[in-house]
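Work through the exercises below with the structure open. Try each task before reading its solution.

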Amino acid sequence: MATLTSITNTKTNMAAISTGAIDENDCKKPETFVLVEPYEECDAERQVCLSKRMIEFQEHLTERTSHLLGYHLNLSCNHLMDLSPLLRFHINNVGDPFKESNLGLHSKKFEVEVLDWFAQLWEIEKDEYWGYVTNGGTEGNLQALLLGRELLPDGILYTSRESHYSIFKAARMYRMDYQIISTLTTGEIDCDDLRAKLILNKDKPAIINVNIGTTFKGAIDDLDLIIKTLEECGFSDKQFYIHCDAALYGLITPFLGQAPKISFKKPISSVSVSAHKLLGSAMPCGVHITRKRYIGLFSESIEYIATVDATISGSRNGHTPIFIWYVLNIKGYKGIQQDVRKCLMNARYLRDGLRNAGISTMLNEMSIVVVFERPLDHEFLNYWQLSCLENMAHVVVMPHVTIKMLDDFLDDLVQKRNIWYDGYGDVQPPCLAKDIGVSNCSCLDHGNGLIDGN
Ligand SMILES: *Cc1c(COP(=O)(O)O)cnc(C)c1O
């Protein structure tokens with residue numbers, strides 16, 4: 001009913017525009033843009049209104065871009081404007097990237113070059129890997145766990161409780177048995193608990209999801225220790241499948257000396273990364289790489305698309321492989337390394353600022369995710385677009401985040417905290433000892449309890 005009314009109003013508005021009896025503010029009213037059939041007699045005005053609406057939306061995006069701190073997105077995408085002429089074309093990479101289809105509107109040559117780059121990064125030979133450009137980290141995880149289950153049909157999935165929700169979704173979709181492994185305070189998988197659960201289920205193969213950076217705390221599971229644990233529990237490499245969910249850190253750990261390396265020289269089976277995260281892209285996308293010898297099992301020749309189907313999606317975005325290809329060309333390995341260094345430094349800067357203001361804070365070593373006390377009000381969370389978990393919030397210090405943004409954020413937080421916790425009221429900052437460890441907690445019991453300015 002409500003929709004009908006607004007459509008009627010819209011028609012009235014459109015008619016009013018055509019007779020010039022509308023003041024231009026009416027263009028701003030959202031109901032003006034409930035989708036209606038264009039009126040021939042007011043095409044020109046309609047075009048003005050549409051353009052205006054698009055400009056307003058861009059202004060909105062610009063404002064939201066300059067206040068995004070809580071999500072794993074690199075919003076520095078201006079260079080992709082160079083590729084805007086491609087928006088005139090439909091580009092569709094349906095099917096296997098290594099097999100041409102007779103649908104000629106594809107960018108598979110670019111896609112394969114992108115895959116080669118990642119294969120080299122994660123140390124697997126060109127003729128030994130298979131992969132594709134996905135819609136993002138989730139699709140990579142869905143692809144990987146399906147492959148794991150097909151290879152080891154009665155395998156049990158082991159994954160830490162701080163894994164991304166897409167892992168649990170995959171387990172439900174594929175009706176897999178799974179074991180949830182506990183985590184350390186840092187957010188890393190607890191290998192003692194993993195060992196205990198592996199031993200209890202020694203008769204079944206193991207499908208292990210390794211978090212190369214958990215979503216909330218940015219904790220990197222110790223891949224080497226996980227492999228060692230499997231071996232010590234008596235699992236041969238035919239009895240396990242290791243997937244590395246490297247959504248964010250797949251492009252960070254290669255630049256860090258100390259982090260366990262993601263490498264197919266180790267007995268891992270697949271890796272996925274989100275390309276809109278560290279690398280940055282105007283649309284969600286990702287890269288998934290696995291061993292070529294697995295995939296034969298899985299691929300089916302489909303007459304209708306005249307190629308082979310081995311991917312979760314049918315039609316696949318043909319623009320995003322070019323975005324990734326272009327950014328890799330512009331930045332190169334060195335440029336990404338510089339981004340990573342800047343992010344690590346800025347993350348430490350924010351951690352120190354929060355600590356100096358007496359706010360509970362944790363930053364894992366090698367991490368760009370700063371975890372801190374959950375801000376009290378919704379407006380503040382929305383303004384800075386922070387995501388929260390229980391008593392915690394986090395800032396993901398991505399390449400678009402500048403020191404200026406962090407300073408503004410800190411000033412705003414310190415000022416608002418003085419209002420939330422006025423020093424006299426009953427409301428006190430929460431204790432975060434169990435979430436981030438006693439030494440990182442600044443609550444009244446564990447820290448000095450000082451609130452900046454009091
Ligand atoms: C973001 C994230 C994902 C999902 O990636 P999308 O690109 O959003 O689908 C998966 N795993 C982890 C650890 C993540 O942080």
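Helix axes are lines fitted to C-alpha atoms over the stretch in contact, and the angle between two of them runs from 0 to 180 degrees between N-to-C directions. Keep in mind that this is a predicted model.

**Exercise 1. Describe how helix 3 packs on helix 9.**

Step 1. Locate the pair. Helix 3 spans residues 108-121, and helix 9 spans residues 319-356.

Step 2. Read the geometry. The axes are 8 Å apart and the packing angle is about 50 degrees.

Step 3. Classify the angle. Under 35 degrees counts as roughly parallel, and 65 to 115 as roughly perpendicular. Helix 3 and helix 9 are therefore oblique to each other. The crossing of helix 3 past helix 9 is left-handed.

Step 4. List the residues. Helix 3 brings F110, E111, E113, V114 and W117. Helix 9 answers with P321, I322, I324, W325 and L328. This contact between helix 3 and helix 9 has eight nonpolar residues, two charged and no polar.

**Exercise 2. Do the analysis again for helix 4 and helix 5.**

Step 1. Helix 4 covers residues 137-151, and helix 5 covers residues 165-173. Their axes lie 9 Å apart, at an angle of about 40 degrees.

Step 2. That angle makes helix 4 oblique to helix 5. Helix 4 passes helix 5 with a right-handed crossing.

Step 3. From helix 4, the contact uses G137, T138, N141, L142 and L145. From helix 5 come S166, I167 and A170. Sort the residues of this contact between helix 4 and helix 5: four are nonpolar, four are polar and none is charged.

**Exercise 3. Classify the angle between helix 6 and helix 7, then sort their contact residues.**

Step 1. Helix 6 runs over residues 191-200 and helix 7 over residues 223-232. The axes come within 10 Å and cross at roughly 25 degrees.

Step 2. That makes helix 6 roughly parallel to helix 7. The crossing of helix 6 and helix 7 is right-handed.

Step 3. C191, L194, R195 and L198 of helix 6 meet L225, I226, T229 and L230 of helix 7. The contact of helix 6 with helix 7 divides into six nonpolar residues, one polar and one charged.

**Exercise 4. Which annotation covers K277, and what surrounds this residue?**

Step 1. Check the record. The unreviewed UniProt entry annotates K277 as "modified residue: N6-(pyridoxal phosphate)lysine".

Step 2. Place the residue. K277 sits in the loop between strand 6 (270-274) and strand 7 (286-291).

Step 3. Judge its burial. The cut-off for buried is 20 or more other C-beta atoms within 10 Å. K277 has 27 such neighbours, so K277 counts as buried.

Step 4. Find the contacts. Not counting residues up to four places away in sequence, K277 touches H72, L73, N74, A247 and L248.

**Exercise 5. Is A275 buried or exposed, and what does A275 contact?**

Step 1. A275 also belongs to the loop between strand 6 and strand 7.

Step 2. A275 is buried, because 29 other C-beta atoms lie within 10 Å.

Step 3. Set aside the neighbours within four places in sequence. A275 then contacts S281, C285, G286, V287 and I324. I324 has appeared already, in the contact of helix 9 with helix 3.

Step 4. Look at F323 as well. The C-alpha atoms of A275 and F323 are 9.4 Å apart, with their positions 48 residues apart along the chain.

**Exercise 6. Two residues other than glycine, M366 and E390, have positive phi. Decide for each: buried or exposed?**

Step 1. Take M366. Its phi is near 65 degrees. M366 lies in the loop between strand 10 (361-363) and strand 11 (369-373). M366 has 20 other C-beta atoms within 10 Å, so M366 is buried.

Step 2. Take E390. Its phi is about 50 degrees. E390 is in the loop between strand 12 (387-389) and strand 13 (392-396). The cut-off for exposed is 12 or fewer other C-beta atoms within 10 Å. E390 has 11, so E390 is exposed.

**Exercise 7. Summarize the whole chain in numbers.**

Step 1. Count the elements: 12 helices and 13 strands.

Step 2. Gauge the burial. Of the chain's 454 residues, 41% count as buried.

Step 3. Gauge the contact range. Take the contacts with a separation of 6 or more. Residues 24 or more positions apart account for 70% of them.

Key
Residues numbered from 1 in each chain as written. Predicted model: local features only at pLDDT ≥ 70, side-chain atom pairs only at ≥ 80, totals over all residues. Helix = DSSP H or I, 4+ residues; strand = E, 2+ residues; numbered from the N terminus. Parallel < 35°, antiparallel > 145°, perpendicular 65-115°, else oblique. Left-handed = near helix turned anticlockwise from the far one by under 90°. Contact = placed C-beta atoms within 7 Å. Nonpolar A, V, L, I, M, F, W, Y, C, P; charged D, E, K, R; others polar. UniProt positions renumbered as here; feature names shortened; annotations may be inferred.
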